[in-house]
Amino acid sequence: MFSYFRRFSPALRRAILVIAWVHVAQIHAVEGRVRISLNEEWRFMKYESADVADRLIYDVRPEVTDGEDGKAADAKPTEAVEVEVKEPVLKGWILPTANDFIKDPEKRHQRPEGTPGSDFPYVQHDFDDSAWEQVRLPHDWAIQGPFMEGPDTPVGGGMGRLPSPGVAWYRRSLDIPVSDEGRSIFLDVDGAMSYAMVWCNGHLVGGWPYGYASWRVDLTPYLNFGESNQLAIRVDNPPYSSRWYPGGGLYRNVWLTKTPQVHVGQWGTQMNTYDVSKSSATLSLKVTIDNDGEDAAKALVSTEVFRLDASGNRRKKVGSFREQTGIVEQGSSRVFSNFLTITNPKLWGPYPTQTPNLHVAVTTVETAGGQTDRYETTFGIRDLRIDGDEGVFVNGERIYLQGANQHHDLGALGAAFNKRAAERQLEILREMGCNAIRIAHNPPAMELLELTDRMGFLVVDEIFDCWERKKTPLDFHLIFSEWSEPDLRSFIRRDRNNPSVIMWSIGNEVGEQYTDEAGAAVAQRLHDIVKEEDPTRPTAASFNYAKPHMPITAVMDSISLNYQGEGIRNAPAYAHLKGINTPPLYPDFHEKYRRKMIVSSENAAAVSSRGEYLFPVAEGISAPVADGSGGDPITAQVSSYELYTAPFGSSADKVLASLERHPYVAGGFVWSGWDYLGEPTPYYSARSSYFGVIDLAGFKKDRFFLYQSHWRPDYPMAHILPHWNWEGREGEVTPVHVFTSGDEAELFVNGESLGRKAKGEFEYRLRWNDVVYEPGELEVVAYKDGKKWAEGQVATTGSPSSLELEADRTKILADGEDLSFVTVRILDGEGRFVRNANTPLEFELEGPGEIVATDNGDPTSLVSFKSLERSAFNGLCLAIVRADPNAKGTLKLRVSGAGLEPATIAIRAAN
């Protein structure tokens with residue numbers, strides 16, 4: 001039958017199938033798959049404390065004694081003690097959710113009898129939740145605060161001083177029409193922090209404990225078709241469970257997916273590309289077909305491939321895989337493998353030297369019952385090669401990794417994912433010259449990888465921060481033994497078609513570095529899982545302790561070093577410090593593993609507060625921050641001369657020199673690209689980190705320009721620091737540093753030359769250490785190859801007088817999701833930027849929208865991000881504006897401050 005059908009077009013085949021079965025009453029014809037956003041119309045309630053929360057718990061956790069939340073490797077430990085199990089636990093009903101990602105059938109979980117929690121009020125259809133808060137997803141319950149201030153708070157600086165721990169419920173109704181009978185109906189959760197459990201119409205359906213995982217539960221058996229159905233999701237975010245701010249709640253997108261009973265499985269396609277050249281490429285496609293029906297089904301599988309334009313629109317068809325047929329047994333799956341060679345392919349490659357061209361494979365599954373499923377797989381055609389001496393090659397071109405580590409929060413928006421906010425982060429990083437992202441230290445939102453695909457970044461995709469050995473008392477180690485396999489397999493299946501992903505990182509600074517063969521055995525198990533799921537990319541685990549002779553380092557396909565490459569606490573300025581002390585280890589690892597690529601997976605860990613300059617200034621190129629040496633314990637600010645680091649870190653100058661001295665290293669990833677909530681080394685009274693090259697609000701620190709000068713050598717630029725408003729320092733030595741892509745520069749103070757300096761080998765800044773402050777103007781003229789290259793100026797300004805507003809975009813979509821980021825600058829009477837102004841400001845918005853958040857990049861500020869009153873921090877402030885859904889019109893943001901001329905900016909919202 002199916003061989004005969006191949007004579008006809010796909011449309012005609014579907015028509016014949018429908019006609020043939022139209023009079024067979026027991027067959028319900030279903031056309032296509034539907035994916036519906038469930039981000040609207042949720043009701044939310046969070047218990048005031050864990051003491052009053054319900055006892056519908058995933059599992060009993062250890063009790064935690066007094067201590068601090070995970071703040072650093074050298075932090076005071078927090079102890080956990082085992083407790084006797086006194087209540088029934090629900091993990092037996094949750095574990096079966098993982099079965100599709102457990103290879104050995106003998107290790108899959110059987111669902112116990114019964115449906116626990118069915119009599120609990122919050123899962124009932126008739127429960128009145130009208131008093132609960134109405135929220136839109138993605139939703140981070142903690143980001144509105146309040147911040148917790150002081151030394152003995154439930155949440156300290158390590159986790160961002162925000163109320164992320166706790167237990168909460170989300171509820172919403174689902175109207176499922178009678179016409180959906182015969183379909184499979186799934187709830188797809190992109191991220192829930194954490195220990196999520198789902199009830200539907202009072203039945204416990206399933207869930208997933210790892211807060212960064214994306215997962216699915218099958219609602220079909222529990223739905224009432226033609227009626228209203230009740231969803232209830234319980235989320236339980238433990239204290240002492242993270243080393244940084246995790247957020248809380250349903251913080252990524254949630255979807256309802258409807259498919260025919262015979263359909264492409266969850267993340268059920270795998271596209272690989274081979275023999276890639278400009279003239280041709282071979283595509284290898286595996287399609288997993290699930291049959292959720294009660295009878296075996298004969299499936300016809302066909303796939304067409306189209307080119308996508310830069311906006312993601314489908315363009316030219318470039319080929320079709322041969323059609324395949326096969327029987328898929330009831331309640332089981334079948335994999336269909338296929339190959340296609342296309343000519344003159346448009347290749348995916350990293351920006352800026354290549355173009356990130358994308359394609360889409362449209363897979364159609366047809367059955368004799370008139371059911372048709374369509375599934376789209378976006379992918380890129382590219383050749384990836386890894387070399388132990390030269391690093392990463394994409395399409396034959398060596399790509400040196402100029403990378404940044406990125407945590408998952410979006411600053412003032414918290415953990416709640418927003419695509420435009422993530423895009424803005426990447427845009428600013430790209431301006432610096434960054435071409436690669438390491439996801440630290442957990443699976444990202446899927447939309448982030450859509451952005452890296454489209455924008456042409458390379459990605460190291462990382463899943464775990466710990467394995468069996470804990471870093472904080474209630475972190476992932478509690479569930480590692482049962483969930484590491486399904487978490488890892490689902491993670492790779494989800495992300496394996498993203499061309500931007502070039503490596504899988506299965507661990508970050510794990511405790512198993514210290515356990516010799518036992519730790520290596522854990523690493524080997526995880527490595528083997530990765531290779532089963534995707535043999536085309538190398539594995540990695542980032543080592544801050546393991547040495548070349550240790551067995552764990554032999555397991556991975558590549559060598560990823562955190563801080564060890566340039567040495568830890570090995571420079572003279574660090575000699576007095578206790579802790580791990582390591583000489584530069586690039587040579588030792590390269591000698592031991594000649595064929596393995598070496599990557600500096602974390603480097604620098606430099607710290608600074610944007611626009612803060614403290615004296616005296618360190619004389620060397622790198623120094624540990626300390627009170628009175630780059631750090632001010634009273635203000636909790638860190639100097640922005642960009643020489644100071646965490647105790648285990650190195651300045652950008654030292655890192656760049658080390659990488660250039662070892663050209664076989666593939667490049668590296670600075671810690672970190674942006675500041676993030678939590679981990680505020682060295683001052684844990686603060687809310688957010690000092691590590692970023694860019695501050696939490698998205699404003700560039702001086703370090704940004706140091707990296708830009710090196711990573712974009714053909715971009716004319718010259719940057720001067722510090723600012724030149726130093727009333728009270730007249731006559732005192734105030735060093736001036738210059739970052740430039742030129743090779744030499746001349747500095748002028750009030751028109752008088754202080755000399756021309758040239759960069760030496762492995763030098764990345766020019767320093768005039770003996771400049772005596774006098775009001776006026778600093779000017780630098782940079783030269784390259786003897787010719788004038790770039791100029792920069794900094795002037796002493798007057799008092800704050802007015803405001804300047806600049807939006808990153810003055811036209812946004814009226815979809816309730818798109819954002820405009822508005823920068824506020826403090827100006828003096830002559831319109832010059834006052835770089836040290838901390839003027840209090842007020843924000844108001846007119847029109848169909850809202851001010852989502854404000855920020856200023858000050859890591860010490862404990863003002864709520866929701867506040868419409870906020871001081872500028874060293875001349876800058878930020879407002880984030882969003883239009884109401886489907887509310888076209890003009891939004892007018894007005895910013896004012898005492899003694900300042902107000903400013904207004906218009907933002908147009910349209911569909």
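Begin by selecting A626 and G630, for in strand β33 the bridge partner of A626 is G630. As you look at this pair, bear in mind that the model is a predicted one. Extending the selection to β32 and to strand β33 (residues 630-632) shows two strands that pair in the parallel sense over 2 bridges.

Next, add β34 to the view, and an open sheet of 3 strands appears in the order β32-β33-β34, with mixed pairing. Strands β32 (626-627) and β34 (637-638) stand at its edges, and each has a single partner strand, so one side of each is left without a neighbour in the sheet.

From there, move on to a second sheet by selecting β37, β38 and β41, which form an open sheet of 3 strands in the order β37-β38-β41, paired in the antiparallel sense. Its edge strands are β37 (718-721) and β41 (766-768), each of which pairs on one side only. If you look along this sheet, the twist from one strand to the next averages 20 degrees. To examine the pairing of β37 with strand β38 (residues 736-740), look for the 4 bridges that join these antiparallel strands; one place to centre the view is L721, whose bridge partner in β38 is H737.

With these strands still shown, select helix α10 (residues 702-711), which lies across β37 and β38 and runs at about 40 degrees to β38. Is this helix enclosed by the rest of the structure or left open? Of the 10 residues of α10, 9 are buried, so the helix is largely enclosed by the rest of the structure. The buried residues of α10 are D702, R703, F704, F705, L706, Y707, Q708, S709 and W711.

Now turn to the nonpolar cores. The largest of them has 220 residues, and a useful selection is W42, W169, Y170, L187, L219 and W467, the residues with the most contacts inside that core. Apart from it lies another core, of 26 residues, which can be found by selecting L803, A807, A837 and V895 among its members.

The last stop is the empty space inside the model, where the count comes to 8 cavities of 30 Å³ or more. Which residues lie closest to the centre of the largest cavity? Select Y210, Y212, S241, D475 and F476, since these are the closest to its centre among the 25 residues that line the largest cavity. The volume of this largest cavity is about 330 Å³.

How values were computed:
Residues numbered from 1 in each chain as written. Predicted model: local features only at pLDDT ≥ 70, side-chain atom pairs only at ≥ 80, totals over all residues. Heavy atoms only, no water. Core = buried A, V, L, I, M, F, W, Y, C linked by side-chain atoms within 4.5 Å. Buried < 20%, exposed > 50% of the residue type's maximum accessible area, 1.4 Å probe, protein only. Pairing = 2+ DSSP bridges. Axes fitted to C-alpha atoms, helices over the stretch in contact; angles between N-to-C directions. Contact = heavy atoms within 4.5 Å. 1 Å grid on protein atoms, 1.4 Å probe; cavity = no way out; pocket = protein on both sides within 12 Å on 5 of 7 lines; lining within 4 Å. Points joined across faces, edges and corners; volume = space filled by probe spheres on them.
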